[in-house]
Amino acid sequence: MTDYQRLLAGIRCFLLDMDGTFYLGNRLIDGSIAFLDALERTGRTARFLTNNSSKSARAYAEKLARMGVPERYRDVICSFHAAARYCLRKFPGKKGYLLGNTMLRDELLAMGLEFTEEDADYVLVAFDTTLDYKKLCRVCDYVRAGKPYVATHPDINCPTETGFIPDAGAIMALIEASTGRKADVILGKPYAGIVEEALARTGFSKEEMAIVGDRLYTDIETGVRFGITSILVLSGETTALQAQASSMKADMLFGRLADIIPYL
């Protein structure tokens with residue numbers, strides 16, 4: 001038995017990143033469906049765990065369905081789920097200002113959050129692909145005024161089939177440059193909120209889970225911080241040279257998800 005086989009022997013649930021790990025934009029990464037099939041054969045399962053808050057969980061489920069992912073794997077755990085639960089607990093009865101897309105707003109409203117354009121009690125910053133200057137000025141006004149500042153996730157870039165686009169972390173950097181403030185709390189990887197969400201939603205212990213992703217500073221750092229087996233894949237943001245040079249080390253390194261199959 002190899003070292004990788006020993007590390008994977010007790011893993012029952014894989015927490016899979018999406019962008020750069022399972023697909024790139026609208027293109028499946030070769031072997032991703034085969035990896036899910038291999039989990040079935042070996043008595044394991046998986047849940048998708050994404051920081052990307054530009055879409056609703058329903059939109060992600062529909063996208064996975066179009067890609068041929070079986071229904072049992074379409075229960076997507078998103079950074080905004082953890083952010084919503086935090087805001088509901090921390091700001092009961094309060095109204096926030098959301099920097100985010102319409103489909104995200106609708107899902108958060110359904111979870112019980114309330115939003116307003118004027119006199120918001122806090123701000124929630126997500127990956128807003130409809131960002132314009134008016135919204136940017138408004139959120140900076142609230143942050144500059146000292147309102148509680150919550151963010152879904154810190155990813156700087158989002159990988160696509162044609163390269164990278166600025167993600168929520170880049171938006172947060174712009175807000176910080178203008179206001180001098182960082183987010184008071186971030187809920188997505190590599191922070192505790194999304195780990196708590198994953199533990200509650202899956203029912204598995206940390207020792208039974210492995211987190212798989214293409215980013216050292218979110219996916220792999222989550223594993224390191226919280227004692228979850230970490231697997232870096234080189235199909236998205238991180239290159240082999242970056243992985244080698246970084247002090248943040250994954251427990252395992254593969255080119256893509258399908259390369260894990262022989263070790264299951």
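A pocket, as I use the word here, is an open set of grid points with protein on both sides within 12 Å along at least five of seven lines. I should jot down straight away that this is a predicted model.

**Entry 1: the pocket**

I looked up the largest pocket, and its volume comes to about 150 Å³. Which elements each supply at least two residues of its lining? I found helix 4 (79–90), strand 11 (185–186) and helix 8 (192–202). Among the lining residues are Arg85, Tyr86 and Arg89, along with Val185, Ile186, Tyr191 and Glu197. Sorted by class, the lining has seven nonpolar, four charged and one polar.

**Entry 2: strand 1**

Next I turned to strand 1, residues 13–16, and checked both of its faces. Cys13 and Leu15 sit on one side, Phe14 and Leu16 on the other, and all of them are buried. Strand 1 pairs with strand 4 (residues 45–50) in the parallel sense, over four bridges. Strand 12 (residues 209–213) also runs parallel to strand 1, joined by four bridges. I followed Leu15 into both neighbours: its bridge partner in strand 4 is Arg47, and in strand 12 it is Ile211.

**Entry 3: Thr222**

Ile211 came up again when I looked at Thr222, a residue of helix 9 (residues 216–226). Is Thr222 buried or exposed? I have it as buried, because its relative accessible area is 1% and the cut-off for buried is under 20%. Setting aside neighbours within four places in sequence, Thr222 is in contact with Lys189, Pro190, Val195 and Ile211.

**Entry 4: salt bridges**

How many salt bridges does a search of the whole structure find? The count is 18, and I went through a few of them.

- Arg6 and Asp3 form one, with the closest N and O atoms 2.4 Å apart. Both lie in helix 1 (residues 3–8), three residues apart, about one turn of the helix. Arg6 counts as partly exposed at 47% relative accessibility, while Asp3 counts as exposed at 52%.
- Arg215 and Asp155 meet through their side chains at 2.9 Å, N to O. This pair links distant parts of the chain, 60 residues apart: Arg215 is in the loop between strand 12 and helix 9, and Asp155 in the loop between strand 8 (149–151) and strand 9 (157–160). Both Arg215 and Asp155 are buried.
- Arg181 pairs with Asp184, the closest N and O atoms being 2.8 Å apart. I note Arg181 as buried because its relative accessible area is 19%, and buried means under 20%.
- Asp75, Arg85, Glu197 and Arg201 are joined into one network by salt bridges that share partners. I recognised Arg85 and Glu197 from the lining of the largest pocket.

Methods
Residues numbered from 1 in each chain as written. Predicted model: local features only at pLDDT ≥ 70, side-chain atom pairs only at ≥ 80, totals over all residues. Heavy atoms only, no water. 1 Å grid on protein atoms, 1.4 Å probe; cavity = no way out; pocket = protein on both sides within 12 Å on 5 of 7 lines; lining within 4 Å. Points joined across faces, edges and corners; volume = space filled by probe spheres on them. Nonpolar A, V, L, I, M, F, W, Y, C, P; charged D, E, K, R; others polar. Buried < 20%, exposed > 50% of the residue type's maximum accessible area, 1.4 Å probe, protein only. Pairing = 2+ DSSP bridges. Contact = heavy atoms within 4.5 Å. Salt bridge = Lys/Arg side-chain N within 4 Å of Asp/Glu carboxyl O.
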